[in-house]
Amino acid sequence: MAEFAVALLGGAGLTAPLGERTGVQVVATTVDDHLAVAARLGEEADLVVGMAAVPWPVLPDLHAEGSATLPAYAGVVSWYALPQLADALAQAVAPGAKLGAHVLVTAPDPGPDVEPQDLMFLREVAAAIEERVDLASRSIAWRGQTRTPTAVDALTSVVEAHGRHDIVECPVAPGTGADADLVATAEQLGARLTCVDLGRATQLDLLTAVVRTVAGHELDDPDEDGPGTGPDA
């Protein structure tokens, strides 16, 4: 395979282990310096994979600019459709789901200015989980205040309106951790809330799969199998 590199948005703590797993240079970037870093990496690499550490759509216009102005650049707008992500989330919620717990699939509130099509990922991830494991009931919600349903409102409705007191929260992004407001609300309502977090190791596994898939596709490597589907580019 020809040499490639990775410009990773929002992944300052992940660059070293991701570099070890992929065997290539991985550099953390911000919105302000992402394309400048990608341009510098492209001076020495045949391909620069630009992507975010979180799976939902991130800065499509920035990736489009990179693809239009940098010859070596391949931007990954999102990777939430990666089958390995749905597999891992389904496996994480399965024990609680088998006991009849309600599964609440969440993501951070992206704010009021995000385009509607960039919000569809949450519903699609929840559907992908349900395709892999039997769920007694499930819903989706946003951690925050500007997008509805908010996670707090959703949890309250599940308990008070539907009488479900066992809830498994399933954040889409690995490494998210429990939400303090949601935990406090569950305690007030007398509900049993469990947050399943895929963790750092799984996050690195998924990022590695994305990188190898994009590199295998862009560099046309016949020996690169990939995970079976490519992320949105």
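## Report on a predicted single-chain model

Pro149 is placed in the loop between β6 (138-143) and α6 (151-160). The model described here is predicted. The peptide bond that joins Thr148 to Pro149 is cis, with omega at about 0°. A second backbone feature concerns Leu59, which has a positive phi of about 50° although this residue is not a glycine. Leu59 belongs to the loop between β3 (47-52) and α3 (60-69). Most residues other than glycine have a negative phi, and most peptide bonds are trans. With a relative accessibility of 33%, Leu59 counts as partly exposed.

**Overall architecture**

The protein chain contains 8 helices and 8 strands. Its radius of gyration is 19 Å, close to the 17 Å that the globule rule gives for 233 residues, so the chain is as compact as a globular protein of that length. Taken along the principal axes, the box filled by the C-alpha atoms is roughly 60 × 35 × 30 Å. Of the 233 residues, 52% count as buried. Among contacts with a separation of 6 or more, 72% are made by residues 24 or more positions apart. The accessible surface of the chain comes to about 10900 Å², and 48% of this area belongs to carbon and sulfur atoms. The chain carries 12 positive and 34 negative charges, and the mean positions of the two sets are 10 Å apart.

**Glu169 and its surroundings**

Glu169 is located in strand β7 (residues 166-171). Its relative accessible area is 1%, so Glu169 is buried, the cut-off being under 20%. The side chain of Glu169 forms a polar contact of 2.7 Å with the side chain of Thr106. Leaving out residues up to four places away in sequence, Glu169 touches Leu104, Thr106, Arg143, Asp179, Leu182, Leu193, Thr194, Cys195 and Val196.

**Asp179 in the loop after β7**

Asp179 is found in the loop between β7 and α7 (180-189). Asp179 has a relative accessibility of 19% and therefore counts as buried, since the limit is under 20%. Apart from neighbours within four places in sequence, Asp179 is in contact with Arg143 and Glu169. The side chain of Asp179 also approaches two backbone nitrogens: that of Asp181 at 3.3 Å, and that of Leu182, which lies 2.9 Å from a polar side-chain atom of Asp179. Between the C-alpha atoms of Asp179 and Cys195, 16 residues apart along the chain, the separation is 8.3 Å.

The distances that involve side chains of Glu169 and Asp179 are listed below.

| Side chain | Partner | Distance |
|---|---|---|
| Glu169 | Thr106, side chain | 2.7 Å |
| Asp179 | Asp181, backbone nitrogen | 3.3 Å |
| Asp179 | Leu182, backbone nitrogen | 2.9 Å |

**Ala154 in helix α6**

Ala154 is part of helix α6. With a relative accessible area of 9%, Ala154 is buried. Not counting residues up to four places away in sequence, Ala154 touches Leu104, Ala141 and Pro149. Pro149 is the residue joined to Thr148 by the cis peptide bond, and Leu104 is also one of the residues touched by Glu169. Ala154 and Leu182 are 28 residues apart in sequence, with a C-alpha to C-alpha distance of 9.8 Å.

Technical notes: Residues are numbered from 1 along each chain as its sequence is written. This is a predicted model: local features need pLDDT of at least 70, side-chain atom pairs count only at pLDDT 80 or more; totals for chains, interfaces and linings use all residues. Side-chain values use heavy atoms; hydrogens and water are left out. Helices (H or I, at least four residues) and strands (E, at least two) are DSSP runs, numbered from the N terminus. The radius of gyration is taken over C-alpha atoms; the globule rule is 2.2 Å times the number of residues to the power 0.38. Buried means under 20% relative accessible area, exposed over 50%, partly exposed in between (1.4 Å probe, protein chains only). Contact means heavy atoms within 4.5 Å. Accessible areas come from the Shrake-Rupley method with a 1.4 Å probe; for residues, only the protein chains shown count as cover. Lys and Arg count as positive and Asp and Glu as negative; His and the chain ends are not counted. The place of a charge is taken as NZ of Lys, CZ of Arg, CG of Asp or CD of Glu. A polar contact is a pair of N or O atoms within 3.5 Å; within protein, one must be able to donate a hydrogen and the other to accept it, and residues adjacent in sequence count only if both atoms are side-chain atoms.
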